[in-house]
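Student: Could we go through this structure together, and could you show me how each label is earned?
Tutor: Gladly; ask away.

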Amino acid sequence: MGLLMALALGAAGATGSVFLAPVALGAIGFTSAGIAAGSWAAGMMSTAAIANGGGVAAGSAVAILQSAGMAGIPAAASAAVGAAGAAAGGAAALAAAII
């Protein structure tokens with residue numbers, strides 16, 4: 001597997017992760033209308049609220065994911081997700097070359 005394949009897998013990972021991140025948020029219950037009842041996100045919110053004495057702490061993972069689900073993922077976060085996707089694609093290419 002050559003450099004071209006590694007670059008292609010990196011690009012695919014970056015593109016796929018940027019487009020699929022909002023879909024994944026909705027699938028686990030962080031929607032534009034808020035947290036979906038009975039979802040994995042609702043369970044996260046319940047656990048966080050119990051741990052914090054009845055409220056979800058500002059800046060917590062639940063708060064950040066809820067904000068991203070409602071307002072969309074900001075450009076800086078999209079760039080970070082894309083970089084992580086590219087790294088994962090590159091790692092997959094490297095692993096395939098080793099095997």
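**How the labels are earned**

Tutor: Let us start with H2, where Trp 40, Thr 47 and Ile 50 are exposed on the other side of the helix from its buried residues, Ala 41, Met 44, Ala 48 and Ala 49. Buried means under 20% relative accessible area, exposed over 50%, and partly exposed in between, with a 1.4 Å probe and protein chains only. Please keep in mind that this is a predicted model, in which local features need pLDDT of at least 70 and side-chain atom pairs count only at pLDDT 80 or more, while totals for chains, interfaces and linings use all residues. Residues are numbered from 1 along each chain as its sequence is written, and side-chain values use heavy atoms, with hydrogens and water left out.

Student: How do you know that the buried residues of H2 are on the same side?
Tutor: They cover an arc of only 130° around the axis, so they fall on the same side of H2. The arc is that of the directions from the helix axis to the C-beta atoms.

Student: What covers the buried residues of H2?
Tutor: The cover includes helix H1 (3–28), strand E1 (30–31), E2 and H3. Helices (H or I, at least four residues) and strands (E, at least two) are DSSP runs, numbered from the N terminus.

Student: What makes the span of H2 agree with its 12 residues?
Tutor: The expected span is 1.5 Å times one less than the number of residues. For H2 that gives 16 Å, and the end C-alpha atoms are 17 Å apart, so the two agree.

Student: Why is Ser 39 called buried?
Tutor: Its relative accessible area is 17%, and the cut-off for buried is under 20%. Ser 39 is therefore buried. Ser 39 lies in the loop between strand E2 (34–35) and H2. Leaving aside neighbours within four places in sequence, Ser 39 is in contact (heavy atoms within 4.5 Å) with Ile 28 and Gly 29.

Student: And are Leu 9 and Gly 72 buried, exposed or partly exposed?
Tutor: Leu 9, in helix H1, has a relative accessible area of 30%, so it is partly exposed. Gly 72, in the loop between H3 and helix H4 (75–98), is at 33% and is therefore partly exposed.

Student: Which residues make up the largest nonpolar core?
Tutor: Seven residues do: Leu 25, Phe 30, Ala 41, Met 44, Ala 48, Val 62 and Ala 68. Helix H2 (40–51) and helix H3 (61–71) are the elements that give two or more residues to this core, and the largest share, three residues, comes from H2. A nonpolar core is a set of buried Ala, Val, Leu, Ile, Met, Phe, Trp, Tyr and Cys residues joined through side-chain atoms within 4.5 Å. In soluble globular proteins, nonpolar side chains tend to be buried together.

Student: How many helices and strands are there in the protein chain?
Tutor: Four helices and two strands, running α-β-β-α-α-α from the N terminus on.

Student: What makes the protein chain more spread out than a compact globule?
Tutor: The radius of gyration is taken over C-alpha atoms, and the globule rule is 2.2 Å times the number of residues to the power 0.38. For 99 residues the rule gives 13 Å; the chain's value is 17 Å, well over that, so the chain is more spread out than a compact globule. The C-alpha atoms fill a box of roughly 55 × 25 × 20 Å along the principal axes.
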